[in-house]
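Me: I have a structure open and I want to learn how to read it. Can we go through it step by step?

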Amino acid sequence: MEFKIKSGDLAKHKTPCLVLGVFEKRKLAPAGEVIDKASGGRLTELLKKGDLDGEPGRTLMLYDLPGVAAERVLLVGCGKRKEATRATYRQALAASVDLLQRTHAGEALSTLAEAAPEGLSHYLAVRDAVTTAAERVYRYSQTKDDKQAPKTPLRTLTLWVTKKQESDEAEQALRHGAAIAEGVTLARELGNLPGNLCTPSYLADQAHDLAARFDTLSVEVLEEAQMEELGMGALLSVSRGSRQPAKLIVFHYQGAGQGAAAAQRPVVLVGKGLTFDAGGISLKPGADMDEMKYDMCGGASVFGAVQAACELDLPIHLIGVVPASENLPDGDANKPGDIVKSLSGQTIEILNTDAEGRLILCDALTYSERFDPAVVIDLATLTGACVVALGKHASGLFTADDQLASELQAAGVAAWDRVWRLPLWEDYQAQLDSNFADMANVGGRDGGAITAACFLSRYAKKFPWAHLDIAGTAWLSGKEKGGTGRPVPLLVQVLLERSGVLSAST
Ligand code: BES
Ligand code: MN
Ligand code: ZN
């Protein structure tokens with residue numbers, strides 16, 4: 001999808017569709033007033049008929065408005081002006097795109113950014129318009145004939161800004177928004193692919209394809225033999241139960257200002273790339289097990305964030321690490337009670353083979369020490385317990401570092417990809433005690449998301465570290481089943497801030 005910025009005389013602008021915001025009580029946003037005037041009061045006249053009051057997300061399409069060059073005018077409800085929130089604003093943006101997709105317009109000029117809530121910066125208002133549009137337009141089609149696909153999909157969205165001096169900021173927001181959206185799309189697409197196609201080897205191939213597209217990006221894929229040599233006993237124990245070989249994918253990105261960036265300690269993103277999680281010998285129940293193809297969404301979000309960094313040529317040193325494996329039952333699979341030795345040297349008693357994410361992540365975390373990271377952030381669909389705690393709206397955030405917590409919380413708000421912090425107190429660590437190894441891989445039912453984070457913390461002592469449990473946020477279930485691309489927006493926000501392109505939102 002293509003995005004553009006325009007300013008100038010709205011009424012004279014030729015477009016298949018002009019999108020205008022309407023607040024409740026039929027109050028036109030400023031652009032609407034301009035058009036109302038140009039059409040000799042036609043808009044107010046039509047609104048008086050009462051077909052649209054301004055409720056958020058409601059839409060009304062108008063044709064042949066006199067004095068207006070646009071072929072169509074789409075009115076979009078934006079809610080009560082005084083009570084407009086980021087959520088109602090995004091709802092209006094989404095509704096406009098959904099309706100455009102059902103018409104033959106194919107192209108539109110949207111003025112909705114002016115209907116953004118007061119507290120929202122113009123930059124974020126424009127970026128939201130771009131990211132929501134791309135999010136609504138995305139359709140999965142890799143393995144099916146999409147019969148319901150729009151005949152004339154929305155191909156170009158032009159965003160109208162009032163003042164010429166706002167357009168530099170808008171252009172930046174547009175560029176950032178487009179890169180975020182493409183990163184999100186990549187993550188969704190990888191997530192949506194089934195486990196028989198999206199295997200560890202497939203992810204490794206995709207990593208090579210991504211690296212081939214950018215001079216600034218290289219990739220290294222460690223094979224099982226190399227992992228064996230290094231001593232990644234935890235990761236390899238998971239993959240032993242699978243016929244697909246595990247891969248450890250390592251992206252190296254070095255953006256503009258190579259010299260300086262090379263000297264910079266890297267941001268390291270570690271993403272769980274479990275391409276299908278059947279639970280292993282501790283087999284999962286059958287219901288909804290298909291959704292465990294999404295267990296690689298942490299890894300997919302690393303792909304998305306790395307791609308965005310490349311596209312924006314961010315002046316930053318970034319490393320992406322994706323341990324990729326399947327978790328299946330097999331004669332050679334992990335058994336409850338088995339003890340393995342991790343790369344760190346610590347031994348682990350595997351009491352539940354379904355707690356495999358932490359087993360592949362712990363070795364990836366230890367491996368990350370070699371990069372002397374400025375920070376390590378891991379992303380993982382780690383626990384069902386996190387979904388119970390936070391539902392589908394917030395990712396779980398775990399870190400002992402208050403400053404890092406604030407940074408990620410603020411970035412999550414800025415990117416509208418929010419996280420909620422849960423404790424990582426020492427008190428929970430004892431739940432991982434084992435009589436036979438340095439630790440058990442599970443800590444019982446209580447605080448399951450927390451004890452999972454506690455487990456990882458034992459492999460993250462040598463660098464500043466945060467863990468995001470994205471089990472609830474990485475995909476939607478039911479009728480809307482599909483990857484969300486989260487937390488790519490949050491990650492790109494962090495990279496934009498850490499690279500100095502944006503000032504910190506904290
Ligand atoms: N990938 C799952 C976590 C998961 C489950 C995410 C359901 C989203 C929905 C993970 O590997 C897992 O199975 N975790 C176990 C841990 C337990 C055995 C301690 C879980 O959450 O049940
Ligand atoms: Mn599992
Ligand atoms: Zn899993």
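Reply: Start with what counts as a donor to a metal: an N, O or S atom within 2.8 Å of the metal. Keep in mind that this model is predicted.

Me: Which atoms coordinate the manganese ion (ligand 2)?

Reply: The manganese ion (ligand 2) is held by D277 (OD), D354 (O), D354 (OD) and E356 (OE). They sit at 2.0 to 2.2 Å.

Me: How are the donor residues of the manganese ion (ligand 2) spaced in sequence?

Reply: The pattern is D-x76-D-x1-E. The pair D277 and D354 links distant parts of the chain, 77 residues apart. D277 is in strand β11, while D354 is in the loop between β14 (347–350) and α11 (357–368).

Me: Are D277 and D354 buried or exposed?

Reply: Buried means under 20% relative accessible area. D277 has 3%, so D277 is buried. D354 has 22%, so D354 is partly exposed.

Me: Now the other metal. Which residues are the protein donors of the zinc ion (ligand 3)?

Reply: They are K272 (NZ), D277 (OD), D295 (OD) and E356 (OE). Their distances from the zinc ion (ligand 3) run from 2.0 to 2.4 Å.

Me: Why is the arrangement around the zinc ion (ligand 3) octahedral?

Reply: Look at the angles. Six donors count as octahedral if opposite donors are over 155 degrees apart and all others are between 65 and 115. Around the zinc ion (ligand 3), the six donor atoms subtend angles of 78 to 176 degrees, so the arrangement is octahedral.

Me: And what is the site of the manganese ion (ligand 2) like?

Reply: That site is irregular. Its six donor atoms give angles of 69 to 166 degrees.

Me: How are the zinc donors spread along the chain?

Reply: The donor residues of the zinc ion (ligand 3) follow K-x4-D-x17-D-x60-E. K272 lies in the loop between β10 (267–271) and β11 (273–277), and D295 in the loop between β11 and α10 (297–311), so this pair ties together parts 23 residues apart in sequence. K272 is buried, at 1% relative accessible area. D295 is buried too, at 2%.

Me: Which residue coordinates both ions, and how far apart are they?

Reply: D277 coordinates both. The zinc ion (ligand 3) and the manganese ion (ligand 2) are 3.2 Å apart.

Me: Let's zoom out. Which domains does the assignment give?

Reply: Domain 1 covers 2–137 and domain 2 covers 180–498. Their centres, taken over C-alpha atoms, are separated by 40 Å.

Me: How do I describe the interface between two parts?

Reply: The size of an interface is often given as the accessible area lost when the parts come together. Here domain 1 and domain 2 bury about 720 Å² between them. Carbon and sulfur atoms carry 57% of that. In domain 1, R86, R127 and E135 lose the most area to domain 2, together 55% of what that side buries.

Me: How many residues are in contact, and how many salt bridges cross the interface?

Reply: Nine residues of domain 1 contact nine residues of domain 2. The rule finds zero salt bridges across the interface.

Me: One last residue. Where does A187 lie, and what does A187 touch?

Reply: A187 is in helix α5 (residues 167–192). A187 counts as buried, at 5% relative accessibility. Leaving out residues up to four places away in sequence, A187 touches A300, S301, G485 and V488. Now compare sequence with space. A187 and G299 are 112 residues apart in sequence, yet 8.4 Å apart in space, C-alpha to C-alpha.

How values were computed: Residues are numbered from 1 along each chain as its sequence is written. Chains are lettered from A and ligands numbered from 1 in the order in which they are written. This is a predicted model: local features need pLDDT of at least 70, side-chain atom pairs count only at pLDDT 80 or more; totals for chains, interfaces and linings use all residues. Side-chain values use heavy atoms; hydrogens and water are left out. Four donors count as tetrahedral if all angles lie between 85 and 135 degrees; four count as square planar and six as octahedral if opposite donors are over 155 degrees apart and all others between 65 and 115; anything else is irregular. Helices (H or I, at least four residues) and strands (E, at least two) are DSSP runs, numbered from the N terminus. Buried means under 20% relative accessible area, exposed over 50%, partly exposed in between (1.4 Å probe, protein chains only). Domain bounds come from an automatic or database domain assignment. Contact means heavy atoms within 4.5 Å. Buried area is the accessible area (1.4 Å probe) that two parts lose on being put together, summed over both. A salt bridge is a side-chain nitrogen of Lys or Arg within 4 Å of a carboxyl oxygen of Asp or Glu.
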